[in-house]
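Trainee: Please take me through a close look at one part of this model, and then set that part within the chain as a whole.

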Amino acid sequence: MTMSPELKEAVQNAHGGPVEIEDPQTQARYVLVKTDVYNRVKALFEEDFPSEDEQIHFLREAGKSAGWDDPEMDIYNDMK
């Protein structure tokens with residue numbers, strides 16, 4: 001399936017963010033995201049739980065995005 005010119009314009013205007021789409025017949029709403037974004041979160045939509053390695057990876061990535069790899073946070077590693 002390829003994008004219509006209208007959808008392509010919406011994707012470009014979203015600047016990499018999600019694009020909401022509505023089916024005019026059913027009023028069902030959908031979200032269009034880039035494949036790399038979907039691949040990062042698709043485990044949340046699957047019936048099988050992520051493996052332990054996947055869970056660790058997700059936790060590390062979440063921690064990094066929260067600033068946990070900031071050197072100023074190292075003090076918390078030494079707390080007991």
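**From one residue to the chain**

Mentor: V41 is partly exposed, with a relative accessible area of 32%; buried here means under 20% relative accessible area, exposed means over 50%, and partly exposed lies in between, with a 1.4 Å probe and protein chains only. The model is predicted: local features need pLDDT of at least 70 and side-chain atom pairs count only at pLDDT 80 or more, whereas totals for chains, interfaces and linings use all residues. Residues are numbered from 1 along each chain as its sequence is written, and side-chain values use heavy atoms, with hydrogens and water left out.

V41 belongs to helix 2, residues 35–41. Helices are DSSP runs of H or I of at least four residues, strands are runs of E of at least two, and both are numbered from the N terminus. From V41 to T26 there are 15 residues in sequence, and the C-alpha atoms of the two lie 26 Å apart in space.

The charged side chains come next. Side chains of opposite charge can pair when their charged atoms come close. A salt bridge is counted when a side-chain nitrogen of Lys or Arg is within 4 Å of a carboxyl oxygen of Asp or Glu, and by this rule there are three salt bridges. One of them joins E61 and K64, with 3.8 Å from N to O. E61 and K64 are about one helical turn apart, because three residues separate them in helix 3, residues 52–65. An α-helix has 3.6 residues a turn, so residues three or four places apart point the same way. Both partners are partly exposed, E61 at 37% and K64 at 48%. Elsewhere, salt bridges that share partners connect E20, E22 and R29 in one network. In that network, the closest N and O atoms of E20 and R29 are 2.7 Å apart, and R29 also meets E22 at 2.8 Å, N to O. E20 is exposed at 57% relative accessibility, whereas E22 is partly exposed at 40%.

Helix 3 also has a regular length: its 14 residues should span 20 Å, and its end C-alpha atoms are 20 Å apart, which agrees; the expected span is 1.5 Å times one less than the number of residues. After helix 3 comes G67, with a positive phi near 90°.

Strand 2, residues 29–32, supplies three residues to the lining of the largest pocket, the largest share. The full lining is M1, T2, M3, L7, I21, Y30, V31 and L32. Seven of these residues are nonpolar, one is polar and none is charged. The pocket holds about 160 Å³ of space.

Finally, the whole chain. Its secondary structure consists of three helices and two strands, in the order α-β-β-α-α along the sequence. The radius of gyration is 19 Å, whereas a compact globule of 80 residues would have a value near 12 Å; the radius is taken over C-alpha atoms, and the globule rule is 2.2 Å times the number of residues to the power 0.38. Along its principal axes the C-alpha trace spans about 60 × 30 × 20 Å. Of the 80 residues, 4% count as buried.

Definitions and conventions:
On a 1 Å grid over the protein atoms alone, a cavity is a set of points where a 1.4 Å probe fits but cannot get out, and a pocket is an open set with protein on both sides within 12 Å along at least five of seven lines; lining residues have an atom within 4 Å of a point. Grid points are joined across faces, edges and corners, and a volume is the space filled by probe spheres set on the points. Ala, Val, Leu, Ile, Met, Phe, Trp, Tyr, Cys and Pro count as nonpolar, Asp, Glu, Lys and Arg as charged, and the others, Gly among them, as polar.
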